[in-house]
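Let's take a walk through this model together. Keep the structure open beside you and follow along as we go.

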Amino acid sequence: MRPWDEMYDASGHVRPGRKRLATALDTLGPDELLARARLRDAHLSAQGITFTLSGRERPLPMDLVPRIVDPNEWQVIEAGVAQRIRALEMFLADVYGAGEILRDQVIPRRLITSSAHFHRQAHGIRPANGVRIHVAGVDLVRDHEGTFRVLEDNLRNPSGVSYVLENRRTLSHVVPEVFTGHRLRSVEEYPARLLSALLAAAPLGVADPTVVVLTPGVHNSAHFEHAFLARRMGVELVEGRDLFCRDGVVRMRTIRGSEPVHVIYRRIDDDYLDPVLFRPDSVLGVPGVVNAARAGAVTIANGVGNGVADDKAVYPYVPTIVRYYLGEEPLLPNVETYNLSDPDQRAYVLPRLDQMVVKPVDGSGGYGIVMGSQASDSELATAAETIQADPRGWIAQPIVALSTSPTVVEGGRLAPRHLDLRPFAVNDGEKIWVMPGGLTRVALVEGSLVVNSSQGGGSKDTWVLGSDGDELPPLAPELVVDVEGPTFSAAQIRSANEARARVDQPTFHSERVRQQEMQQQQSGVGPC
Amino acid sequence: MLSRIAEAMFWIGRYVERAEATTRMLIEHHQLLVEDTRLDPAVGVEAMLQALSLMPADPEPGALTPAALIQIVVGESADPKTVLGSVAAARENARTIREALPIGMFERMNATHLRMQAGISTTIPGIPLSGLLDELSVVVGIIDWQMPRDEGLVFLRLGAALERLDMTSRLLAIDHEGLWPQVGAVTALRAAGGFNPFLRTQRALTGEQVHAFLLLDPTFPRSTLQTAIRAERAVRQMGTYVSAQQTSTLLRTVGILRAELEFASVNPTPADLELLSARASEAAFVASDAVAGAFFRQAGTIVWSH
C-alpha cells in the first residue's frame with residue numbers, strides 16, 4: 001500500500017497546483033536549501049520560537065517545503081471540522097446536563113462514567129453563550145487513497161497554533177522565492193478570532209470583559225505559545241498565583257489592588273485547575289475558580305471536563321454522535337478503531353498487534369503509543385499484558401499509511417516524509433471558524449509515522465490556496481490611494497506624496513573644500 | 001558649542017532615525033508583498049516607493065517587484081533617502097565630529113556602514129535587515145548610556161524627533177487597509193514597531209484605529225503626539241543654552257503641533273487624521289529649516305572667486 005504523496009501522483013508527476021513550488025525548490029537546489037536551513041535555525045533560535053522538551057528549550061524544526069492544500073480539499077476539511085465540533089458541543093452539553101444520549105443508549109453510560117476526563121464537578125456548569133469548545137485542534141491524516149480522516153479530536157488544550165503563525169513568517173523570511181505565484185489565505189486572523197470568541201463567552205451583563213491567558217508557567221513546554229497568544233490578543237498572561245477568588249468572583253492582583261477577571265483562557269489541565277475540586281496539591285491552579293464558573297461569574301475556556309469528548313475510547317462513537325445530534329452524515333470519516341473493552345474486538349486485536357497502533361485513551365503528545373510494525377516481540381507481549389490488565393485504557397487502530405510530502409533531509413536533498421494536519425477551529429457561539437491552514441506535523445525520521453514534536457517530529461507551513469472566487473483582482477493604480485473622507489482625492493494625495501519634501505543636509509563639503517582638505521592631508525605625510 | 005558640531009549632531013539624530021524607520025518599514029512591507037499576493041505586487045511596491053519619495057520616474061513594465069523594492073530602498077551611499085545612504089550620512093557626520101562623540105560611537109557606525117557596503121540580498125533581505133536594526137539600536141544605546149547631557153545631545157534628539165515626525169507621516173500616507181484589506185493594518189503597526197502596544201490598548205484592528213493610534217497615542221514612543229512632545233522638550237532645553245529669540249520660531253512650530261495633537265478630537269474623522277498627519281510632516285519641515293537658520297552655518301563655505 002503506497003502512501004499518498006502531497007506533491008507527486010502515483011506515476012511520479014507533479015500534482016496540479018504544485019508545479020510552481022516544485023520548480024522553485026528545483027531552482028534552489030540542495031546546497032542553497034542547506035544554507036537556508038542554517039539561516040532558519042539561527043533565526044528560530046534567536047527569536048526564541050521554541051518548545052521545551054525535558055526541560056530544554058528547542059526550536060520546533062520547521063521544514064522549508066510548505067504543504068499545499070487545494071481549495072476544494074479545504075472546503076471538505078473546513079465543513080467537516082465545523083460539523084464535528086458542532087456535534088461534540090451538543091454532546092458535552094448533553095453529558096454534563098440531561099444525559100439524553102445515554103438514556104437513549106446510543107453510547108454506553110459506562111464508557112462515559114469510566115472516562116478519566118469525565119468530571120462530575122463540571123455537571124451543571126452552563127457556559128454563558130453555550131460554548132465549551134472555544135478552541136479545537138482536530139488531527140487529520142490522509143490515507144493511501146487521499147481521503148482525509150480524523151485521527152483524534154483535541155478539545156482540551158490543543159497547542160501549536162503559535163507555530164502556524166510563526167512558520168508563515170519564518171518561511172517568508174527564509175525562502176521568499178517559494179511564495180511567488182501562490183495566493184495563500186492568511187493565518188494572521190487567528191488571535192483576533194480567538195479574542196472575539198473569548199469576549200463573546202464572557203458572563204452575561206459584563207460590559208467590557210477582562211480576558212486573561214492562564215499559563216502553568218515558564219517551564220511548561222508550550223509557554224512560548226501562551227506568551228504569544230497573550231501578546232497577540234493584547235491581554236494579560238497570568239499564572240495561578242496572580243489570581244484569587246473572593247466572594248465567588250475571580251480577581252487578579254495588580255499594583256492598583258485587585259481587578260475582576262471575566263474570561264480565563266486556561267492552558268492548564270483540569271486536574272491542576274482548582275485544588276478545591278481537583279488535585280489538592282496543585283500549586284498552578286486557582287482555588288475556587290470552578291465554583292465561580294458554576295455561579296456564572298467567570299468563564300473557563302475551554303470548558304472543564306471537555307476531555308470526555310476527546311477520550312480515544314469515545315472517538316469511535318463520534319460518527320454516531322454526529323448522526324444523533326445533527327441528523328447528518330459525517331463529512332470526515334474516522335480511522336477504523338477497535339474498542340478493547342469489548343471482548344470480541346479485543347480477541348480480534350490481540351493476535352494482530354503487529355499490524356496495529358495501540359494508544360492510551362487519555363494520552364497526548366505521542367506518549368505510550370505502541371507502533372506494532374516497529375515493536376519488538378517483547379514489546380508486543382508487554383503491550384498485550386497491559387491491555388488485558390486495563391482494556392478500557394487502550395484502543396487499537398490498523399496502521400494508516402500517513403501521506404507523505406517532500407521534506408528537506410540530510411545534504412539538502414528532498415525525500416518523502418509522513419505527515420498529518422491539525423486544523424484549528426474557534427467557536428464564538430455563532431459560528432465555528434476554521435483557520436485556513438493549520439499545523440502540519442512531519443515525522444523527520446525516515447519511515448516513521450509518529451509526528452509528535454515530543455517524539456522527533458517537525459512542522460511545515462501549511463498553505464491553503466485561495467479559490468478563484470476568493471481572490472481580489474489587482475487594483476487599478478488609480479484606486480490605490482483611496483482615502484475615506486471628502487477632503488482629499490486620490491490624485492491629490494498622490495501629488496502630495498510626490499511633492500513631500502525630503503529634508504536633507506545641504507552638502508556641507510563642496511568639492512573644492514574636499515579637494516583642498518585632501519591636499520592638506522597629502523602634504524602632511526610628506527617630508528617637511 | 002561649535003555650530004558645526006551642533007549641525008553634525010542634529011543630522012546624526014536624523015539619519016540614524018531615518019535608517020531605522022526606513023529599514024523597519026522595508027522589512028514589513030517586503031514580507032507583506034511576499035506573503036499576500038492578492039494585490040499586484042507592483043501596486044504595493046509603488047505605494048511604498050511613493051511614500052518614501054523613492055519612486056523612479058519611468059519604471060519599465062514589470063520592474064516593480066519585491067526584489068526591486070529592496071534594491072531601491074536599500075539604495076546606495078550617495079542617496080540619503082535610502083537605507084545605505086542614511087547610514088552613510090550618519091557615519092559621515094560622526095566622522096567629522098569623532099572627537100566630540102563618546103568612545104565607540106563612530107566606530108560602531110563605521111562598522112555598520114562598512115558591513116552594509118557588501119549589500120543586502122534582494123532575495124532574503126529580512127534577516128540581514130533585522131541585523132541592521134540591532135546594530136542601530138547599539139548606536140542609540142551608546143548615545144543613551146554615554147553621551148553627556150549637554151547641548152549636543154539636545155540637537156541630536158531634536159533631529160531624531162523631527163525625522164520621526166516625517167517618517168510616521170510617510171507611513172500613514174500608505175493606504176494599508178485599502179491595498180491589503182486582510183493584513184494591511186497589522187503591517188502598518190508592525191512597520192512602526194507598534195503592533196503589540198496597539199493590541200494592549202485597543203481591540204478593533206481597523207485602518208482608522210491604527211491611524212489614530214500612530215498619530216495620537218499618548219504612550220507609544222513613535223506616535224506623532226509623543227514625538228512632538230519630545231521635540232518640544234528638546235527645544236525648551238535648547239532654550240537654556242541659547243537666547244530665547246533663537247528658538248522662537250522653532251518653539252512655536254513644534255509647540256503648536258504638539259497642542260494640535262494633544263487637543264485633537266477624541267473621535268477624529270479620517271479627514272482629521274489625514275490633516276494632522278500632513279501638519280506633522282509640514283511642521284517637521286519648517287522646524288528643520290528653523291534650526292538650520294538659527295544655528296548652523298548659513299551659506300556653506302564662502303568661496304572667493306577670481
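Start with a pair of residues facing each other across two strands: Lys359(A) sits opposite Ile395(A), a residue of β16(A). Keep in mind that this is a predicted model. The strands in question are β14 (residues 356-360) and β16 (residues 394-398) of chain A, which run antiparallel and are joined by 5 bridges.

Now zoom out a little. In chain A there is an open sheet of 4 strands with antiparallel pairing, and its order is β13-β16-β14-β15. Which strands stand at the edges? They are β13 (338-339) and β15 (370-371) of chain A; each has a single partner strand, so one side of each is left without a neighbour in the sheet. As for what holds strands together in general, they pair through backbone hydrogen bonds, either parallel or antiparallel.

Zoom out again, to the domains. The assignment for chain A gives domain 1 as 19-184 + 307-335 + 402-470, and domain 2 as 336-399. The C-alpha centres of domain 1 and domain 2 of chain A are 24 Å apart. Where they touch, domain 1 of chain A supplies 16 residues and domain 2 of chain A supplies 14 residues. On the domain 1 side of that contact in chain A, you'll find 7 nonpolar, 7 polar and 2 charged residues.

What about chain A as a whole? Its secondary structure comes to 14 helices and 23 strands, and 44% of its 528 residues are buried. Take the contacts in chain A with a separation of 6 or more: residues 24 or more positions apart account for 69% of them.

For a smaller feature, look at the hairpin of β8(A) and β9(A), which has 2 residues between the strands. These two strands pair in the antiparallel sense over 4 bridges, and one pairing to look for is Arg246(A) with Val249(A) in β9(A). Strand β8 (residues 243-246) of chain A has two faces: Leu243(A) and Cys245(A) are on the covered one, while Phe244(A) and Arg246(A) are on the uncovered one. In the loop between β8 and β9 of chain A you'll meet Asp247(A), which has a positive phi of about 55 degrees although it is not a glycine. Is Asp247(A) buried or exposed? With 9 other C-beta atoms within 10 Å, Asp247(A) counts as exposed.

Chain B has a residue with a positive phi too: Ser53(B), not a glycine, has a phi near 55 degrees. Ser53(B) lies in the loop between α2 (41-51) and α3 (66-74) of chain B. This residue is partly exposed, with 14 other C-beta atoms within 10 Å.

Stay in chain B for helix α6 (residues 126-146), whose 21 residues reach 30 Å from first C-alpha to last, close to the 30 Å expected at 1.5 Å a residue. Its buried residues include Leu129(B), Leu132(B), Leu136(B) and Val139(B). The buried residues of α6(B) cover an arc of only 130 degrees around the axis, which puts them on the same side of the helix. The face turned away from that buried side carries exposed residues, among them Asp134(B), Ser137(B) and Trp145(B).

What do the buried residues of α6(B) pack against? Their partners are α1 (3-35), α5 (105-117) and α7 (151-172) of chain B, together with α5 (161-174) of chain A. That last helix makes a good final stop: 13 of the 14 residues of α5(A) are buried, so it is largely enclosed by the rest of the structure.

How values were computed
Residues are numbered from 1 along each chain as its sequence is written. Chains are lettered from A and ligands numbered from 1 in the order in which they are written. This is a predicted model: local features need pLDDT of at least 70, side-chain atom pairs count only at pLDDT 80 or more; totals for chains, interfaces and linings use all residues. Domain bounds come from an automatic or database domain assignment. Two residues are in contact if their C-beta atoms, placed from the backbone, lie within 7 Å. Ala, Val, Leu, Ile, Met, Phe, Trp, Tyr, Cys and Pro count as nonpolar, Asp, Glu, Lys and Arg as charged, and the others, Gly among them, as polar. The expected span of a helix is 1.5 Å times one less than its number of residues. A residue is buried if 20 or more other C-beta atoms lie within 10 Å of its own, exposed if 12 or fewer, and partly exposed in between; C-beta atoms are placed from the backbone. The arc is that of the directions from the helix axis to the C-beta atoms. Two strands pair if DSSP finds at least two bridges between them.
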